[in-house]
Amino acid sequence: MSEILNSSQSGNDSGAKLPSHARAVIIGGGVVGCSVAYHLAKLGWKDVVLLERKQLTCGTTWHAAGLIAQLRATQNMTKLAKYSQSLYTNLEAETGVATGFKQNGSITVALTDARMEELRRGAAMARAFGVEIEEISPSDILAKYPGLETKDVVGGVYLDKDGQADPVNITQALAKGARNAGAKIIEGIKVQDVLTENGRATGVMTDQGPVKADYVVNCGGMWAREIGKMAGVTVPLHACEHFYIVTEQVDGLSRNLPVLRVPDECAYYKEDAGKLLLGAFEPVAKPWGGAGIPENFEFDSLPDDFDHFEPILEKAINRLPVLETAGIQTFFNGPESFTPDDRYILGEAPECKNFFVAAGFNSVGIQSAGGAGKVLAEWMDAGEPQVDLWDVDIRRMQPFQNNRSYLSARVTETLGLLYADHYPYRQFASARNIRRTPLHDRLAASGACFGELSGWERANWYLPKSEADAGKQPEYEYSWGRQNWFDYAAEEHRAVRETAGLFDLSTFGKLHVIGRDAADLLQLVCGANIDVPAGQIVYTQFLNGRGGIEADVTVSRISETEFLVITPAATVRREISWLKRHIPDGADCHVIDMTSAEAAIAVMGPNARDILQPLTDQSLANEDFAFGQFKTLHMGMAEARAHRISYVGELGWEVYVSSDMAVHLFDEIMASGADKGLRLAGMHVLDSCRIEKAFRHFGHDISDEDHVLEAGLGFAVKTEKPASKFGDFIGREAVLNKKQQGMQKRMLQFQLKDAEPLLYHNESILRDGEVVGYLTSGNYGHHLGGSIGMGYVPCPDGETGAQMLDSTYEIDVAGVKVEAIASLKPLYDPKSERVKA
């Protein structure tokens with residue numbers, strides 16, 4: 001412990017006075033806070049101050065295991081992890097502080113066929129991301145890790161560039177590098193409040209007085225939730241107890257062993273100087289700190305709970321028998337922060353300008369800190385993220401998720417999910433049934449199996465009545481193959497294509513943009529021309545200055561001064577933040593979230609008109625109600641607003657109705673459709689239908705890093721539209737430049753020629769035998785008769801679409817290359833004749 005304390009003290013600016021002003025104040029001296037300070041200083045920010053309440057690393061950094069892995073769930077998270085490795089490799093030469101980083105490799109072992117399928121799919125993804133990975137046999141595993149019990153091992157993967165490092169020394173190296181570049185790091189100062197004015201962070205109040213600042217960065221670790229509350233910002237995280245043991249010196253133990261993970265036993269192993277560290281991510285965790293973290297918490301541990309850890313240890317002794325006779329030097333229990341979805345929290349808070357957050361790292365803080373600090377510093381410097389960070393973007397979090405009871409219940413599960421089987425479509429089991437649509441009970445009574453998104457319970461698929469009568473329950477049975485609901489979804493899909501399906505889309509965001517300047521604001525942020533007559537619907541994107549896609553929405557003009565923006569459920573806060581931050585000072589414009597005020601009932605399919613027409617005196621004929629229009633009308637005994645639009649590629653209407661009348665209208669529609677083939681359809685079928693039609697999915701197929709033209713959405717951008725009073729639309733120059741310079745990649749749609757394999761996302765795309773990209777999304781096309789995927793493929797300068805398609809394409813499905821048809825046009829209804837029928 002004394003070494004830790006002395007090392008920490010060396011990072012302090014000795015005798016430094018608390019400044020009265022700084023360009024940026026960073027709260028928290030763990031590895032993430034020091035990384036942010038380092039990267040801001042490297043960008044030339046000289047006036048950076050990091051404040052630490054006690055000593056550097058004294059919260060959770062000091063007791064981290066220090067495992068450094070490259071492969072993460074997405075390409076950009078993998079890039080950040082690889083950057084962290086590179087940074088930690090070079091820090092010693094730069095600062096003279098050894099980080100202890102060594103690339104001794106890592107092995108992940110599979111004990112089941114399902115886990116091996118997961119590892120093989122991960123390996124295929126790794127190859128697409130440029131990560132070296134090798135599938136290895138049980139005998140290979142034993143050769144690389146002598147003494148390991150492998151009789152029940154199915155196989156594994158080996159990454160030779162993974163490794164381990166010293167978390168305290170990494171932090172000290174980052175701190176020294178930051179100080180060398182001009183940042184100040186001051187320990188022993190507690191931030192008591194965040195100062196704000198007109199919705200903007202303006203500084204902090206400490207126990208030694210105020211510091212005015214242009215930016216405030218919350219890197220408070222397990223204190224970050226409380227620091228966020230000081231600024232009115234939601235930072236939903238909760239500490240859990242995290243257990244590991246460290247053995248005494250083990251005779252005969254091979255040195256420089258790779259990091260070993262056995263997720264089927266919830267365990268990881270790290271050898272260091274002849275000792276073994278055994279840690280666990282158990283299925284049912286122990287939340288900690290809900291009643292508050294002690295004021296004097298500093299390099300502290302939590303009480304032992306050997307009974308809690310014993311099941312892990314018993315399996316570990318069987319797995320690595322040398323542990324049976326090894327003495328235990330340390331039984332450690334320390335807190336680590338976890339978030340509701342096991343992804344960390346990064347970015348500028350939607351509630352408060354210039355208040356940034358980097359926290360909640362879910363036990364991957366050391367391997368993530370370098371990259372996270374870099375991209376957050378670049379975000380602050382440029383005013384917007386420079387790469388797609390939606391996976392970890394703070395704007396995905398919902399205000400209710402800051403509820404302590406919710407967090408305690410959810411993190412009990414999320415800690416263990418790190419090592420659980422990562423099956424496709426896996427749903428959280430804890431902290432459910434919080435947000436329900438007005439139709440929830442009707443759908444539940446009809447056999448709905450619900451999934452959760454942003455806290456909303458959404459019907460993902462339906463158990464047929466005949467199956468329910470036979471005693472089956474609408475519950476997932478997870479696997480990597482065709483899950484138990486696959487055939488049910490196929491029938492729902494066929495109904496949408498052949499008769500009609502009803503979707504509950506009530507969770508779609510409904511943002512009213514109101515005021516004399518509403519039209520000018522939307523002309524500024526939208527690529528399409530939204531200055532259309534009332535009653536028209538415009539499909540459009542919000543673009544950033546690089547031509548990247550910030551949002552994918554429809555805008556309906558209600559009146560001269562009011563518009564309705566319909567957004568995906570997961571991105572509501574993102575869209576609100578983008579709109580509000582682009583309202584010029586003094587403009588008469590307001591953004592109001594009315595999501596919960598209305599239900600949305602979508603009736604889609606060839607029989608949609610015949611089902612809805614008997615319920616209204618408004619003609620639904622093409623000549624009276626064209627595609628891309630909406631009308632307020634009476635339907636059943638309710639007043640509603642019907643939008644003729646489709647995300648599944650069929651004739652249909654999205655009917656928006658006040659929440660208090662939603663059940664009535666639902667019952668009326670179901671009764672009208674009873675003899676017309678109407679069937680309830682879930683969100684899985686919404687996705688399988690949209691991917692057949694090649695409709696893009698924000699967060700998968702399109703992001704703020706994807707240029708709108710390369711995404712194939714140029715038809716929705718109108719560069720010749722009149723400028724608004726606030727100027728040309730954001731991204732216009734980037735669109736014009738791309739048209740002149742040409743595209744570097746294009747979005748293609750793929751269908752596997754073999755009808756059996758299933759696609760999810762991140763599978764490698766091979767063009768003429770070479771890996772050129774990966775699938776951004778995948779699902780089964782029940783109408784087309786095979787798995788469908790979307791993905792970007794690079795196109796050399798001057799290559800035409802026809803030349804791109806004049807190649808052989810394959811998709812790597814868990815190590816098996818499967819031939820695929822490639823298309824630039826939708827494989828289903830390429831001329832969109834069905835939606836306009």
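# Exercises on strands, helices and loops

Opposite Ile537 stands Ser556, a residue of β25. The model used in these exercises is predicted.

**Exercise 1.** Establish how β24 and β25 are joined, and how many residues of β25 are buried.

*Solution.*
- Step 1. β24 covers residues 537–543 and is joined to β25 by seven bridges, with the two strands running antiparallel.
- Step 2. Five residues lie between β24 and β25, which form a hairpin. In its turn, Gly547 has a positive phi of about 85 degrees.
- Step 3. β25 spans residues 549–559, and nine of its eleven residues are buried, so the strand is largely enclosed by the rest of the structure.

**Exercise 2.** Follow the strand pairing from β25 through β26 and β23 to β27.

*Solution.*
- Step 1. Five bridges pair β25 with β26 in the antiparallel sense, and the hairpin that joins these strands passes through two residues.
- Step 2. Ser556 has Leu564 of β26 as its bridge partner. Leu564 is also the partner in β26 of His512.
- Step 3. β23 (residues 509–514) and β26 (residues 562–567) are antiparallel and share six bridges.
- Step 4. β23 also pairs with β27 (residues 590–593), again in the antiparallel sense, over four bridges. Here Val513 stands opposite Val591 of β27.
- Step 5. Five of the six residues of β23 are buried, so this strand is largely enclosed by the rest of the structure.

**Exercise 3.** In the open sheet of six strands, which strands stand at the edges, and what packs across β22?

*Solution.*
- Step 1. The strand order is β29-β30-β31-β28-β22-β32, and the pairing is mixed.
- Step 2. The edges are β29 (630–635) and β32 (678–680); each has a single partner strand, so one side of each is left without a neighbour in the sheet.
- Step 3. On average, neighbouring strands of this sheet are turned by 30 degrees against each other, direction ignored.
- Step 4. β22 (residues 500–504) pairs with β32 in the parallel sense over three bridges, and Gly501 stands opposite Arg679 of β32.
- Step 5. Helix α13 (residues 486–498) lies across β22, β28 and β32, at about 115 degrees to β22.
- Step 6. α13 has 13 residues and reaches 18 Å from its first C-alpha to its last, close to the 18 Å expected at 1.5 Å a residue. Its buried residues include Phe486, Tyr488, His493 and Val496.

**Exercise 4.** Compare the span of α17 with its expected value, and find where its buried residues fall around the axis.

*Solution.*
- Step 1. α17 runs over residues 662–673, twelve in number, and reaches 16 Å between its first and last C-alpha atoms. This is close to the 16 Å expected at 1.5 Å a residue.
- Step 2. Ala662, Leu665, Phe666, Ile669, Ser672 and Gly673 are the buried residues of α17.
- Step 3. Viewed down the helix axis, the buried residues of α17 fall within an arc of 130 degrees, so they line one face of the helix.

**Exercise 5.** Asp701 and Ala723 are both in the loop between α18 and α19; decide for each whether it is buried, partly exposed or exposed.

*Solution.*
- Step 1. The loop with Asp701 lies between α18 (683–692) and α19 (732–741).
- Step 2. Asp701 has a relative accessible area of 0%. The cut-off for buried is under 20%, so Asp701 is buried.
- Step 3. The side chains of Asp701 and Arg690 are joined by a polar contact of 2.9 Å. Beyond residues up to four places away in sequence, Asp701 touches, among others, Phe695, Asp706, Met747, Thr776 and Tyr792.
- Step 4. Ala723 has a relative accessible area of 46% and is therefore partly exposed.
- Step 5. Ala723 and Gln523 are 200 residues apart along the chain, and their C-alpha atoms are separated by 7.2 Å.

**Exercise 6.** Ala273 and Ala431 each have a positive phi; place each residue in its loop and state its burial.

*Solution.*
- Step 1. Most residues other than glycine have a negative phi.
- Step 2. Phi is near 55 degrees for Ala273 and about 50 degrees for Ala431.
- Step 3. Ala273 is in the loop between β14 (267–272) and β15 (275–280). Its relative accessibility is 45%, so it counts as partly exposed.
- Step 4. Ala431 is in the loop between α10 (404–417) and α11 (440–445). Its relative accessibility is 18%, so it counts as buried.

Conventions. Residues are numbered from 1 along each chain as its sequence is written. This is a predicted model: local features need pLDDT of at least 70, side-chain atom pairs count only at pLDDT 80 or more; totals for chains, interfaces and linings use all residues. Side-chain values use heavy atoms; hydrogens and water are left out. Buried means under 20% relative accessible area, exposed over 50%, partly exposed in between (1.4 Å probe, protein chains only). A polar contact is a pair of N or O atoms within 3.5 Å; within protein, one must be able to donate a hydrogen and the other to accept it, and residues adjacent in sequence count only if both atoms are side-chain atoms. Contact means heavy atoms within 4.5 Å. The expected span of a helix is 1.5 Å times one less than its number of residues. The arc is that of the directions from the helix axis to the C-beta atoms. Two strands pair if DSSP finds at least two bridges between them. Axes are lines fitted to C-alpha atoms, for helices over the stretch in contact, and angles run from 0 to 180 degrees between N-to-C directions.
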